[in-house]
Amino acid sequence: MGGHWALWLARRPELPIVATVAFYAARGGDFSKSRSAFLCHFAEHDHFFSAAAARKVSRDLIVARRPSTCHEYPGTGHWFFESDRADAFEPKAAALAWRRTVAFLAADHAARRAHTTRAAGPAHAAGGATRRS
């Protein structure tokens, strides 16, 4: 549910959200007024939402020209990142998702910092990518 709210809030242009990470969340919509860059982590087999819903989120971000990267983790289900869910936790996928999340947030922070110190151009290029891990 947290990823759902993160995507919903990031669509609101009046909020100062500049980087959004969502795990197994599929809330599509119009992201064109968002100020955020996005990193999405999807499970291959998620019983809470379909692969088509995950593709729709990815497409909606690309159509809105928001900087975005979406990863699907093969062989995983919902809660693959949750270490307290022995029935679903996938340590290797979780570690990879964590490394990607930290790198995404560090790059976003560095880009915003460079932007404010130089006061030149946008901190992110528009576009998006979907990757299968």
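**Strand 2 and its neighbours**

Ala-19 stands opposite Ala-37 in strand 2. That pair belongs to a predicted model, and it is a good place to enter the sheet. Strand 1, residues 19-23, runs parallel to strand 2. Five bridges join the two.

Now cross to the other pairing. Strand 2 also pairs with strand 3, residues 68-77. The sense is again parallel, and seven bridges link these strands. One of the matched positions is Cys-40, whose bridge partner in strand 3 is Cys-70. The connection brings in a helix: strand 2, helix 2 (residues 51-63) and strand 3 form a β-α-β unit. Its hand is right.

How much of strand 2 is covered? Most of it: of the nine residues in 37-45, seven are buried.

His-41 lies in this strand. Its relative accessible area is 0%, so His-41 counts as buried, the cut-off being under 20%. The His-41 side chain makes a polar contact with the side chain of Tyr-73, at 2.7 Å. Beyond its sequence neighbours up to four places away, His-41 touches a long list of residues. Among them are Val-21, Ala-22 and Phe-23. Others include His-71, Phe-80, Ala-97, Arg-100 and Thr-101.

Cys-70 sits in strand 3. With a relative accessible area of 1%, Cys-70 falls under the 20% limit and is therefore buried. Compare its position with Val-21, one of the residues that His-41 touches. In sequence, Cys-70 and Val-21 are 49 residues apart. In space, their C-alpha atoms are 9.7 Å apart.

Note on methods:
Residues are numbered from 1 along each chain as its sequence is written. This is a predicted model: local features need pLDDT of at least 70, side-chain atom pairs count only at pLDDT 80 or more; totals for chains, interfaces and linings use all residues. Side-chain values use heavy atoms; hydrogens and water are left out. Buried means under 20% relative accessible area, exposed over 50%, partly exposed in between (1.4 Å probe, protein chains only). Helices (H or I, at least four residues) and strands (E, at least two) are DSSP runs, numbered from the N terminus. Two strands pair if DSSP finds at least two bridges between them. A crossover is right-handed if, with the strands pointing away from the viewer, the path from the first strand over the helix to the second runs clockwise. A polar contact is a pair of N or O atoms within 3.5 Å; within protein, one must be able to donate a hydrogen and the other to accept it, and residues adjacent in sequence count only if both atoms are side-chain atoms. Contact means heavy atoms within 4.5 Å.
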